[in-house]
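Work through the exercises below with the model open. Try each task before reading its solution.

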Amino acid sequence: MLPNMEPKIFSLSAVIVGYLLIDDLTANEQNALGNWLMLVAQVLCTNAFYKQVLSERKIKNSINEEELLQKFVEVISNII
């Protein structure tokens with residue numbers, strides 16, 4: 001969904017859009033739009049963070065399951 005471009009160019013595009021909007025909006029409109037965009041950004045950041053937490057938990061659980069399975073095999077091997 002995002003364009004495949006250099007990070008500096010991607011950031012510069014946001015600066016350009018911001019400057020283009022300044023002349024067409026009043027101070028109150030700029031403030032309202034800016035706050036709305038920051039809210040959108042916070043939702044995206046929070047969602048991405050939580051997805052990362054869940055992913056890390058899944059990786060840790062799979063590692064723990066593998067370790068548990070290895071220990072189980074060792075115990076069974078010792079019994080046999």
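Val40 lies in helix H2. The model is a predicted one.

**Exercise 1. Classify Val40 as buried, partly exposed or exposed.**

Solution. Start with the value: Val40 has 33% relative accessibility. Then take the cut-offs: buried is under 20%, exposed is over 50%, and partly exposed lies in between. Val40 therefore counts as partly exposed.

**Exercise 2. Do the same for Lys51, and name its helix.**

Solution. Lys51 is found in helix H2. Its relative accessible area is 56%. The cut-off for exposed is over 50%, so Lys51 is exposed.

**Exercise 3. Set sequence separation against C-alpha distance for Val40 and Asp24, then for Lys51 and Val17.**

Solution. Take Val40 and Asp24: 16 residues apart in sequence, 21 Å apart in space. Now take Lys51 and Val17: 34 residues apart in sequence, 29 Å apart in space.

**Exercise 4. Describe the largest pocket: its volume, its lining residues and their classes.**

Solution. First, the volume: the largest pocket holds about 170 Å³ of space. Next, the lining: Ala14, Val17, Gly18, Leu21, Ile22, Leu25, Gln30, Leu33, Gly34 and Leu37. Helix H1 (7-22) and helix H2 (27-79) are the elements that give two or more residues to this lining. H1 supplies the largest share, five residues. Last, the classes: seven residues are nonpolar, three are polar and none is charged. Gly counts as polar here, so Gly18 and Gly34 from the lining belong with the polar residues.

Conventions: Residues numbered from 1 in each chain as written. Predicted model: local features only at pLDDT ≥ 70, side-chain atom pairs only at ≥ 80, totals over all residues. Heavy atoms only, no water. 1 Å grid on protein atoms, 1.4 Å probe; cavity = no way out; pocket = protein on both sides within 12 Å on 5 of 7 lines; lining within 4 Å. Points joined across faces, edges and corners; volume = space filled by probe spheres on them. Helix = DSSP H or I, 4+ residues; strand = E, 2+ residues; numbered from the N terminus. Buried < 20%, exposed > 50% of the residue type's maximum accessible area, 1.4 Å probe, protein only.
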